[in-house]
Amino acid sequence: MQYKIALLKGDGIGPEIIESAVSVLERIAAKYGHDFYFTSYPIGGCAIDTVGVPLPKETVEGCLASDSVLLGAVGGPKWDHLPGDLRPEKALLGIRAALGLYTNLRPAKLFPALRDASPLRADLIASGFDIMIVRELTGGIYFGERGYRNGKYGEEAFDTEAYSVLEIERIGRAAFETAMKRQKRLTSVDKANVLETSRLWRKTMHQLAEAYPEVTYQDMFVDNAAMQLVRNPQQFDVIVTSNMFGDILSDEASQLTGSIGMLASASMGDSSRGMYEPIHGSAPDIAGQNKANPIATILSAAMMLRYAFGLSAEAQCIEDAIDAVLAAGFRTADILGNSKTDICSGSDMTGKILNAIG
Ligand code: NAD
């Protein structure tokens with residue numbers, strides 16, 4: 001099969017980790033007889049430097065003309081002084097909106113070989129955990145009306161959260177469908193004891209639940225969910241939540257797995273074209289030093305094969321190769337834990353994974 005893949009390398013470690021993922025995809029293409037055509041487009045700080053805006057029109061058009069999009073990361077101190085609309089991170093919101101990507105899937109799975117790297121006590125994660133966080137991506141407070149005004153105590157800033165029934169229904173449906181493909185357990189996280197948007201969220205989820213009698217559904221307040229994730233993560237299968245709550249909870253869940261350098265994500269909409277990216281940022285502190293763990297980006301590429309192209313065997317091949325490399329004791333610095341092994345560079349780790357793919 002032939003697929004056009006848009007590469008958005010971005011800033012910091014972005015180019016290094018995308019290069020690793022591309023070499024893995026090329027190995028998979030050779031092994032399984034596919035043709036992947038890669039085209040790179042600028043995004044974030046590097047786009048600001050070259051074209052003056054974080055999300056150039058050609059980048060959006062290139063992504064729309066591709067079968068899928070693989071993103072590294074954007075941002076860095078060089079662009080931190082810029083006003084909100086011109087910052088690299090603005091490109092992320094823009095590209096998600098332009099591609100209609102309202103569902104963000106963030107798996108948080110403990111790799112058995114990495115138990116040592118988790119900050120949780122061994123007895124709390126003895127039987128591992130495998131959580132899929134389904135985060136709403138194009139609505140809520142990150143997209144609502146905002147500004148400055150004169151308030152009771154003088155100048156104040158405000159951001160507003162709004163959710164329509166349509167937005168809640170489509171993310172809810174994506175979450176129930178995801179649960180149907182897993183252990184059929186869904187937790188919807190909200191703050192319905194305080195927020196009106198959460199009350200509508202909860203009511204809409206309850207209506208959807210009637211169409212999925214096989215899914216065991218529960219509501220949970222976000223403060224409790226944050227606590228339960230560190231108390232007993234294995235109780236969760238799929239979690240669905242709003243944009244901001246999902247942003248925070250998925251970072252918390254990611255850290256439970258040991259390192260932010262291990263976690264992939266998929267952003268999807270109504271078409272099969274999605275955007276696949278690691279959940280970490282551009283890590284300017286280690287950029288250009290060959291220290292970045294490429295696994296989150298390689299796992300993102302595996303998610304792309306599975307969800308965008310329906311290539312499950314190829315995705316599984318990548319995931320098995322990563323399992324094997326970790327089980328053999330190879331570690332980048334971020335996942336070293338108590339391991340006594342030599343530290344692998346990013347390119348060493350990529351080479352081990354390529355060898356394991358065969
Ligand atoms: P970060 O995720 O870039 O880094 C946090 C810490 O994790 C750093 O110590 C970093 O070295 C480490 N780390 C991250 N990825 C790693 C990897 N693959 N291997 C090894 N270590 C890794 O978060 P930050 O420092 O808060 O943000 C840096 C920049 O990235 C900021 O400009 C921020 O806005 C941006 N950012 C971008 C995205 C994105 O593009 N999706 C997401 C988050 C942050």
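**Entry 1: charges over rings**

I started with Lys 352, which lies over the face of Phe 330 at 4.5 Å from the ring centre. My criterion for a charge over a ring is NZ of Lys or CZ of Arg within 6 Å of the ring centre and within 35 degrees of the ring normal. I noted another such case at Tyr 102, where the charged end of Arg 170 sits over the ring, 4.0 Å from the ring centre.

The model is predicted, so I recorded the thresholds: local features need pLDDT of at least 70, side-chain atom pairs count only at pLDDT 80 or more, and totals for chains, interfaces and linings use all residues. Residue numbers run from 1 along each chain as its sequence is written, and side-chain values use heavy atoms, with hydrogens and water left out.

**Entry 2: aromatic pairs**

How many aromatic pairs does a search of the whole structure find? I got seven from that search. Rings of Phe, Tyr and Trp (its six-membered ring) pair if their centres lie within 6.5 Å; planes under 30 degrees apart are stacked, over 60 edge-to-face, the rest tilted.

I took Tyr 3 and Phe 36 from the search and classed the pair as tilted, because the planes stand at 40°, with the ring centres 6.0 Å apart. The two residues are 33 apart along the chain, Tyr 3 in strand β1 (residues 2–10) and Phe 36 in strand β2 (residues 35–40). Strands here are DSSP runs of E, at least two residues, and helices runs of H or I, at least four, numbered from the N terminus.

I then checked burial (buried is under 20% relative accessible area, exposed over 50%, partly exposed in between, with a 1.4 Å probe and protein chains only). Phe 36 is buried, because its relative accessibility is 10%. Tyr 3 is buried too, at a relative accessible area of 8%.

Tyr 3 also pairs with Phe 309, and I logged that pair as stacked, with 3.9 Å between the centres and 15° between the planes. Phe 309 lies in the loop between α9 (295–308) and α10 (312–327) while Tyr 3 is in strand β1, so this pair ties together parts that are 306 residues apart in sequence. I found Phe 309 buried as well, with a relative accessible area of 10%. With Phe 38 added, ring pairs link Tyr 3, Phe 36 and Phe 309 into a cluster.

**Entry 3: ligand site**

I listed 20 residues around the ligand (a heavy atom within 4 Å of it). Val 74, Glu 89, Gly 281, Ala 283 and Asp 285 come nearest. By class I counted nine nonpolar, seven polar and four charged residues in this shell. In that scheme Ala, Val, Leu, Ile, Met, Phe, Trp, Tyr, Cys and Pro are nonpolar, Asp, Glu, Lys and Arg are charged, and the others, Gly among them, are polar.

Which backbone atoms lie at short range from the ligand's N or O atoms? I noted a backbone N or O atom of Ala 283 at 2.8 Å from a ligand oxygen. A polar backbone atom of Gly 76 is 3.1 Å from an oxygen atom of the ligand. For a nitrogen atom of the ligand, I have a backbone N or O atom of Asn 293 at 2.9 Å. On its own the ligand has 810 Å² of accessible area, and the protein covers 69% of this; the areas are Shrake-Rupley values with a 1.4 Å probe.

**Entry 4: residues of the site and its loops**

I went back to Val 74, which lies in the loop between β3 (68–73) and α4 (90–98). Val 74 is buried, because its relative accessible area is 8%. From Val 74 to Ile 48 I recorded 11 Å, C-alpha to C-alpha, at 26 residues apart in sequence.

Ala 283 is in the loop between β12 and α9. I flagged Ala 283 for a positive phi of about 40° although it is not a glycine. Its relative accessible area is 21%, so Ala 283 counts as partly exposed.

I flagged Asn 290 as well, with phi near 60°, a positive value in a residue other than glycine. Asn 290 is placed in the loop between β12 and α9, and I have it as partly exposed at 33% relative accessibility.

**Entry 5: two further positions**

I looked up Gly 269 in the loop between β11 (264–268) and β12 (275–278). Gly 269 counts as buried, because its relative accessibility is 19%. Its C-alpha is separated by 20 Å from that of Lys 57, 212 residues away along the chain.

Last, I checked Ser 188 in strand β8 (residues 185–190). Ser 188 is buried, with a relative accessible area of 0%. I put its C-alpha at 7.7 Å from that of Met 205, 17 residues apart along the chain.

Note on methods: Polar contact = N/O pair within 3.5 Å; in protein donor to acceptor, adjacent residues only side chain to side chain.
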